[in-house]
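Please work through the exercises below with the structure open beside you. Each one sets a task and then solves it in steps.

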Amino acid sequence: MQTRNAYVHMHLRGTFVPAGLLTVVEDGRRSSCAFQYGNRYLERADAVPVDPVQLPLAGARGLRFDGPVGGDLFGGIRDASPDAWGRHILDISVDRHGENAGLQLSELDYLLRAGPDRIGALGFSVRLDESPFAFSTRQTATLPGAELDLEALLTAADAVDNEEDLEPRYRRFFVRGSSLGGARPKAAVELDGRHWIAKFDRAREAWPTCRIEHGCMRLARLCGIDVPDTKVVRVLGGRDILLVERFDRRPGQHGTERIPFVSGATMLGYTQSQAERGGSYPGLAAAMRRHCRADTLPQDLARLYLRMVFNAMVNNTDDHLRNHGFLYEQKDGQYGQGSGQYGRGSGQYVRGSGQYGQGSGWTLSPAYDLVPQPIMGNDDAEVRTLSLTIGEQGRLATERHLVESGGPFALAKDEARHLVAGLKEIIASEWEQVFREAGVPSRSFSELRACLAPGLSARPGDAAQ
Ligand SMILES: Nc1ncnc2c1ncn2[C@@H]1O[C@H](COP(=O)(O)OP(=O)(O)O)[C@@H](O)[C@H]1O
Ligand SMILES: [Mg+2]
């Protein structure tokens, strides 16, 4: 049994400030953790909770929070830690010589080693006077020559996929990007003074995921869903890299601001295994009523509803809780563009969306990871399901079910019907052009059409009543 401590820092006004102390007792399968906020942090008017559900600020003075049963880290902290891809990179990056022979990285190791590009605004250090990046690779140089480096990155991603040894010069890119979460190969890059997540196509992939994701994000924007900017860069004579602009980094008065981020799993207060078992859109809506900013709540609920409908219509069945997120916006506009940006493209659907409120607190993040999933051989087109529950008929993704499930999002049936019909019309009339412009090859179009089919033509009798 070993007890280890880590200081948790929050990036506020351009610098990391200590927020509290995380204590982890590592005892094989019975590990546990605890967290206590620092008093000075709690006295700050701009303090942001490390986790809105498990670590609320109200009444936190002098309180030691016990971590979730089962040995998980607190959700808000877990969100700053790597997922499958990043863990793999860190595993293969450990120098297992000398005292590290046989070293198995623990949850805390993954957290500490993940580096400066982690999602959100948290940083971690072992000593209070230490930089939150002390445990990660120290290099923070920007990439010289974007094209060349993206090629180098892709070559390195292939090497990882093929279980080849990673050359040290590649390793640093990945260790930087290892905390980004998700399962697909990716890295954090800066291009043209903006921060992006680079997602790589795997070699010989039949489904051109980068282009399809790019097209799907464009289609979502046409539907009034706020999405980050994306672009596809072609390298190595035909391989694609998708660049997604980061919404948790923004230029501000104090240099690059890091915007606090938590996942949908955290907003529900779920442990890792609960999150893996699923979740529901109405559940998320209920959690948002408790923990999100009140002034933007009606818009946020409608925004979530719109995403649920969109996911159903484009067969984005990978809409699990980590593919939904929340950002913390500060009242005094410290994060710059906190308001206004959501108006873009969404005015026609979301009530009162011209002005996105001026308060501070948690709001739904822009949408991400929107990828139509190809239909496998014998899939029955009539029983499409999402990964999150939609309403009374569970995960069943039919038009009627969507229309009947607006209640938890404060939408009357007429409003829900109007939104569903609007999305359906836009998708039907725009999808071909959008995916063509995104460079999706014609060979993928019949499969794409099959993905979108339930949205494009409802089965007789299923049309919304
Ligand atoms: N534009 C973005 N800005 C900031 N964080 C993002 C953005 N897009 C995704 N993320 C975060 O990165 C994680 C991985 O990205 P995602 O697109 O979901 O990759 P994957 O396809 O591997 O699941 C997400 O779970 C989310 O936490
Ligand atoms: Mg994802």
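The exercises that follow concern a predicted model, and they go from the whole chain to single residues.

**Exercise 1. Overall make-up**

Task: State how many helices and strands the protein chain contains, and what share of its residues counts as buried.

Solution. Begin with the secondary structure: the protein chain has 14 helices and 14 strands. Turn next to burial, where 48% of the 465 residues count as buried. Finally, consider the contacts between residues at least 6 apart in sequence, of which 68% join residues at least 24 apart.

**Exercise 2. The four-stranded sheet**

Task: Give the strand order of the open sheet that holds S6, S7, S8 and S9, and explain why S6 and S8 each have one side without a neighbour.

Solution. The first step is the order, which reads S6-S7-S9-S8, with antiparallel pairing. The second step concerns the edges: strand S6 (186–191) and strand S8 (230–235) each have a single partner strand, so one side of each is left without a neighbour in the sheet. On average, and with direction ignored, neighbouring strands of this sheet are turned by 30° against each other. The third step is to look at one pair in detail, since S6 and strand S7 (residues 194–200) are joined in the antiparallel sense by six bridges, and within this pair Leu-191 stands opposite Arg-194 of S7. The last step adds a helix, for H7 packs on the sheet and touches S7, S8 and strand S9 (239–245), its direction making about 35° with that of S9.

**Exercise 3. A helix pair**

Task: Describe how H7 and H13 pack, and find which residues make the contact.

Solution. Start from the geometry: helix H7 (residues 209–222) and helix H13 (residues 413–437) pack at an angle of about 145°, and their axes are 10 Å apart. The crossing of H7 past H13 is right-handed. Next, list the residues on each side: H7 contributes Gly-215, Arg-218, Leu-219 and Leu-222, while H13 contributes Ile-426, Ile-427, Glu-430, Trp-431, Val-434 and Phe-435. Sorted by class, the contact has seven nonpolar, one polar and two charged residues.

**Exercise 4. The largest nonpolar core**

Task: Find which residues have the most contacts inside the largest nonpolar core, and which helix gives the most to this core.

Solution. The largest nonpolar core has 113 residues, and Ala-220, Tyr-305 and Val-309 are those with the most contacts inside it. The helix that gives the most is H11 (residues 297–314), with eleven residues. To see what surrounds one of these residues, leave out those up to four places away in sequence; Val-309 then touches Leu-402, Leu-419, Val-420 and Leu-423. As a general background to such a core, nonpolar side chains in soluble globular proteins tend to be buried together.

**Exercise 5. The three-stranded sheet and a hairpin**

Task: Give the order of the open sheet formed by S12, S13 and S14, and then say how many residues link S10 to S11 in their hairpin.

Solution. The order of the three strands is S12-S13-S14, and the pairing is antiparallel. Strand S12 (261–263) and strand S14 (361–364) stand at the edges, because each has a single partner strand. The twist from one strand to the next averages 30°. Within this sheet, strand S13 (residues 325–329) is joined to S14 by four bridges, and the bridge partner of Glu-329 in S14 is Gly-361. Moving to the hairpin, S10 is joined to S11 through two residues. Strand S10 (residues 249–252) and strand S11 (residues 255–258) pair in the antiparallel sense over four bridges, and Arg-250 has Glu-257 of S11 as its bridge partner.

**Exercise 6. Three loop residues**

Task: Decide whether Asn-315, Ala-410 and Pro-82 are buried or partly exposed.

Solution. Recall first that a residue is buried if 20 or more other C-beta atoms lie within 10 Å of its own.

- Asn-315 lies in the loop between H11 and S13; with 25 other C-beta atoms within 10 Å, Asn-315 is buried. Its phi is near 60°, a positive value in a residue other than glycine.
- Ala-410 is in the loop between helix H12 (399–404) and H13; with 15 other C-beta atoms within 10 Å, Ala-410 is partly exposed. Phi of Ala-410 is also positive, near 60°.
- Pro-82 sits in the loop between helix H2 (75–78) and helix H3 (84–93); with 25 other C-beta atoms within 10 Å, Pro-82 is buried. Its C-alpha atom is separated by 6.6 Å from that of Ala-114, 32 residues apart along the chain.

How values were computed
Residues are numbered from 1 along each chain as its sequence is written. Chains are lettered from A and ligands numbered from 1 in the order in which they are written. This is a predicted model: local features need pLDDT of at least 70, side-chain atom pairs count only at pLDDT 80 or more; totals for chains, interfaces and linings use all residues. Axes are lines fitted to C-alpha atoms, for helices over the stretch in contact, and angles run from 0 to 180 degrees between N-to-C directions. A crossing is left-handed if the near helix is turned anticlockwise from the far one by less than a right angle, and right-handed if clockwise. Two residues are in contact if their C-beta atoms, placed from the backbone, lie within 7 Å. Ala, Val, Leu, Ile, Met, Phe, Trp, Tyr, Cys and Pro count as nonpolar, Asp, Glu, Lys and Arg as charged, and the others, Gly among them, as polar. A residue is buried if 20 or more other C-beta atoms lie within 10 Å of its own, exposed if 12 or fewer, and partly exposed in between; C-beta atoms are placed from the backbone. Two strands pair if DSSP finds at least two bridges between them. A nonpolar core is a set of buried Ala, Val, Leu, Ile, Met, Phe, Trp, Tyr and Cys residues joined through C-beta atoms within 7 Å.
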